Amino acid sequence: MFEFLHAPTKHSKEKKLQLWLGQSVRARVVSAEFDELKGQPLMLSLGEAVHRPQYLQKIFSKPLKPQFGVDGPLMLDSGGFTMMTNPDGALPIQTIADVYRDTDADLFISLDFPPGFDETEQERSDKYRRTQENLEFLLQELGTEKLIPVVHGRTIDEVSANIDVIKARSSSWAWVGVGGIVPLLRQKNDSRLSDGRHAREHVSSIVRQTKEAFPEHNVHAFGVGAPSTILSLMALGVNSVDSIGWRSAANFGTIYLPGRPARFPTKSGIKTRHTRPALTEAEIELLENCLCPICKHCSSVEERLAKLNSSYVPRAAHNAWVVLSEVRSLESAIASGEHHHFLSSRLPSHWFSLLNL
Ligand SMILES: [Zn+2]
């Protein structure tokens, strides 16, 4: 169950762990404002042109990195999930191919049709067929170097069959995506999966199947939220994840701290707008040790708290830094064989117990 984290000696081909900072084209690009963050991997989605078709011309037909002020790797999502929920605004596959061909993005996700929870086997099978047709089209237009096919499936057999199709299309994929993980972890209505443990077991089984089928590839999981889920998926074998969690938390007013749930930056004795529990002493210590682009310029913990309380941008920069640092820490722990200890300090028991360490 735990192929990814064996002894470092067996891992000469270990892939670098990559976190892609999810960014909306409508929101302020916080990572571009800090030298420490502007070279970090960024993820944008064509799904935004589903709601606002003018973005196709205005934004997606021009080089993206200069527009957003970043110079690191850029991944572009087709917006399959958005198109599923807004079919009237769906972009033609040729349009997606044209954008992908002319963009300066480094990787593009194939246009997939994620299976829904209340769909019949026949409906799912129809979606898999359309996903495969799109992959075939984009493959002809773009080749395999930058294109990421997406594995879907509600059962082990469906996952297997979809893996076989992707392999049959080409043997030279560099990347492969694992689809549907977040809806699985979030959904509440499926009687077989309503128990969170079953959902997590199904997720780990999809990841395991995909890793077994594509052992030398980069394996990416989409739209993962909390840092603990990011680390859990990476521990299960995914080496690449995108997340907007750092921005959502900042928007909500909360900050990340290593190994802790998102917290409001409040300390007992300091008045704030909200009446939330103050940070514990241990959490204050974690904040004192933060080396993010915001905290490192503050001399006291009070100044850090005031800054993080003041507005979205400092919180988002801090959160991006913390989650990126956590991924680097996992990478170092794997390299030194100390991942068991590291993961036990970071993951909730319901994820840790799935790892079979
Ligand atoms: Zn910080």
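In the predicted model, helix α10 passes helix α15 in a left-handed crossing. The two helices, α10 covering residues 227–236 and α15 covering residues 339–346, pack with their axes 10 Å apart and at an angle of about 150°. Angles over 145 degrees count as roughly antiparallel, and α10 and α15 are therefore roughly antiparallel to each other.

A second helix pair is formed by α6 (residues 121–142) and α7 (residues 156–169), whose axes come within 11 Å and cross at roughly 15°. This angle makes α6 roughly parallel to α7, the limit for that class being under 35 degrees. The crossing of α6 past α7 is right-handed. Two packed helices are described by the angle between their axes and the distance between the axes.

Helix α9 comprises 18 residues, from 196 to 213. At 1.5 Å a residue it should span 26 Å, and the end C-alpha atoms of α9 are indeed 26 Å apart, so the expected and modelled spans agree. Buried positions in α9 include Ala199, Arg200, His202, Val203, Ser204, Ser205, Ile206 and Val207. Towards the end of the residue range, Gln209, Thr210, Lys211 and Ala213 are also among the buried residues of α9. Lys211 is further related to Lys16, from which it is separated by 195 residues in sequence and by 15 Å in space, C-alpha to C-alpha. Lys16 is located in the segment before strand β1 (18–22). With a relative accessible area of 52%, Lys16 is exposed, whereas Lys211 is buried.

The zinc ion is coordinated by three cysteine sulfur atoms, SG of Cys290, Cys292 and Cys295, and by ND1 of His318, at 2.1 to 2.3 Å. The angles among the four donor atoms are 105 to 113°, and the site is tetrahedral. Four donors count as tetrahedral if all angles lie between 85 and 135 degrees, a condition that the range of 105 to 113° satisfies. Along the sequence, the donor residues follow the spacing C-x1-C-x2-C-x22-H. Cys295 lies in the loop between α12 (281–288) and α13 (301–310), while His318 belongs to helix α14 (residues 312–335), so the pair ties together parts that are 23 residues apart in sequence. Cys295 has 0% relative accessibility and counts as buried. His318, also at 0% relative accessibility, is buried as well; the cut-off for this class is under 20% relative accessible area.

Two further residue pairs were examined. Gly245 is found in helix α11, which runs over residues 245–252. The relative accessible area of Gly245 is 11%, and the residue is buried. The C-alpha atom of Gly245 is separated by 19 Å from that of Ser329, which is 84 residues away along the chain. Asn86 lies in the loop between α4 (80–85) and α5 (93–102). With a relative accessible area of 28%, Asn86 is partly exposed. Asn86 and Leu147 are 61 residues apart in sequence, and their C-alpha atoms are 24 Å apart in space.

Key. Residues are numbered from 1 along each chain as its sequence is written. This is a predicted model: local features need pLDDT of at least 70, side-chain atom pairs count only at pLDDT 80 or more; totals for chains, interfaces and linings use all residues. Side-chain values use heavy atoms; hydrogens and water are left out. Donors are N, O and S atoms within 2.8 Å of the metal (3.2 Å for Na, K and Ca); water is not among the atoms, so sites may look incomplete. Four donors count as tetrahedral if all angles lie between 85 and 135 degrees; four count as square planar and six as octahedral if opposite donors are over 155 degrees apart and all others between 65 and 115; anything else is irregular. Helices (H or I, at least four residues) and strands (E, at least two) are DSSP runs, numbered from the N terminus. Buried means under 20% relative accessible area, exposed over 50%, partly exposed in between (1.4 Å probe, protein chains only). The expected span of a helix is 1.5 Å times one less than its number of residues. Axes are lines fitted to C-alpha atoms, for helices over the stretch in contact, and angles run from 0 to 180 degrees between N-to-C directions. Angles under 35 degrees count as roughly parallel, over 145 as roughly antiparallel, 65 to 115 as roughly perpendicular and the rest as oblique. A crossing is left-handed if the near helix is turned anticlockwise from the far one by less than a right angle, and right-handed if clockwise.
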